[in-house]
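Let's take a friendly walk through this protein together. Keep the viewer open so that you can find each residue as we reach it.

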Amino acid sequence: MSAALDYWPSPPPWGWTADDLDNLPAEGPNGEPDFFKHVELIDGALVFMSPQKRFHERVLFGLRVALNAQAPEHVAAVLQMDVKLGHRMRPCPDVVVVDVKAADDDERTFYTPGEVHLAVEVVSPESEDRDRKTKPSRYAEAGIPHFWRVENNSGSPVVYVYELDPATHAYALTGIHHDQLTVPVPFPITIDLSNLPR
């Protein structure tokens, strides 16, 4: 068991770190199954993710399939893998496009910002502030060049596409896509949002 858990439910005196996530057990401190299965570290705080709704799962899967069908050989899209942004920041984007060498390493528990070409967050009611404000600003600060935010518009995905401005180290909105998403970067992508792969 992680030494950090000796202080549970309070954080350890040194605070939670990105490396602590690799040392958390599968069960919770009181034997709860899969207690730490869906947890991320945001500004030194453990954030437990709520169960996914079908919209969320459907969009994640559809985007991953569509991205991998169009991705060049040097990159791959993967689902819900952590990105270690710093000592106290290890979010878990819904989809990331990473270097294929990193994606092929089955022992990895996280990627570094330099390996990530695109981070995608599908907004849920419980994660609105994190997905709209906190995570995008941290991804931009870390230098991840592309970010997509997906919103649920009455059961249809709407994708807000952002690109990193190297002068400001902040994301600039480059488009809002409703039925069809077509972008030239990080590689040429065309996705029929109204008919995502299931």
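What follows goes from paired strands to charged side chains, and then to some backbone details and separated residues. Please keep in mind that this is a predicted model.

A good place to begin is strand β9, which covers residues 156-165 and runs antiparallel to strand β10, residues 170-177. The two strands are joined by 7 bridges. To see the register for yourself, find Val159 and look across to His177 in β10, which stands opposite. Another pair to look for is Glu163 with its bridge partner Ala172, again in β10. As you follow the side chains, a general point may help: in a regular strand they alternate between the two faces of the sheet.

Strand β9 also pairs with strand β8, residues 146-153. This pairing is antiparallel too, and it runs over 8 bridges. Here you can use Phe147 as a marker, since the bridge partner of Phe147 is Tyr162 in β9.

Now turn to the places where the chain reverses. Strands β8 and β9 form a hairpin with 2 residues between them. Ser154 sits in that turn, and its phi is positive, about 55 degrees, although Ser154 is not a glycine. Is Ser154 buried or exposed? Its relative accessibility is 75%, so Ser154 counts as exposed. The hairpin of β9 and β10 has 4 residues between the strands. In the loop between β9 and β10 you will find His169, another residue that is not a glycine yet has a positive phi of about 55 degrees. His169 counts as exposed because its relative accessibility is 52%, and the cut-off for exposed is over 50%.

Let's move on to the charged side chains. How many salt bridges does the structure hold? There are 14. One of them brings together the side chains of Arg108 and Glu115, with N to O at 2.6 Å. Arg108 has a relative accessible area of 22% and is therefore partly exposed, while Glu115, at 17%, is buried. The cut-off for buried is under 20%.

A second salt bridge links Lys135 with Glu121, and here the closest N and O atoms are 3.2 Å apart. Lys135 belongs to helix α3 (residues 128-141) and Glu121 to strand β7 (residues 116-122), so this pair ties together parts that are 14 residues apart in sequence. Both partners, Lys135 and Glu121, are buried.

Arg130 and Glu126 make a further salt bridge, with 2.8 Å between the closest N and O atoms. Arg130 counts as buried at 17% relative accessibility, whereas Glu126 counts as partly exposed at 35%. Elsewhere, salt bridges that share partners join Glu40, Glu121, Asp131 and Lys135 into one network. You have already met Lys135 and Glu121 as a salt-bridged pair.

There is also a patch of negative charge on the surface, where Asp104, Asp105, Asp106 and Glu107 gather. To get your bearings, look for Asp104 in the loop between α2 (100-103) and β6 (110-111). Asp104 is exposed, with a relative accessible area of 57%.

Next, have a look at two proline peptide bonds. The bond from Trp8 to Pro9 is cis, with omega near 10 degrees, and Pro9 lies in the segment before β1. Val185 and Pro186 are likewise joined by a cis peptide bond, with omega about 10 degrees. For Pro186, look in the loop between β11 (180-183) and β12 (189-192).

Finally, here are two pairs to try with your distance tool. Asn30 is in the segment before β1 (39-42) and, at 67% relative accessibility, counts as exposed. Its C-alpha atom is separated by 29 Å from that of Leu79, a residue 49 positions away along the chain. For the other pair, start at Pro51, in the loop between β2 (45-48) and α1 (54-70). Pro51 counts as exposed at 74% relative accessibility. From Pro51 to Asp6 the C-alpha to C-alpha distance is 27 Å, and the two are 45 residues apart in sequence.

How values were computed
Residues numbered from 1 in each chain as written. Predicted model: local features only at pLDDT ≥ 70, side-chain atom pairs only at ≥ 80, totals over all residues. Heavy atoms only, no water. Salt bridge = Lys/Arg side-chain N within 4 Å of Asp/Glu carboxyl O. Buried < 20%, exposed > 50% of the residue type's maximum accessible area, 1.4 Å probe, protein only. Patch = residues over 30% accessible without salt bridge, like charges linked within 9 Å, V, L, I, M, F, W, Y side chains within 5 Å. Areas by Shrake-Rupley, 256 points an atom, 1.4 Å probe, with all protein chains shown as cover. Lys, Arg positive; Asp, Glu negative; His and termini not counted. Charge placed at Lys NZ, Arg CZ, Asp CG, Glu CD. Pairing = 2+ DSSP bridges.
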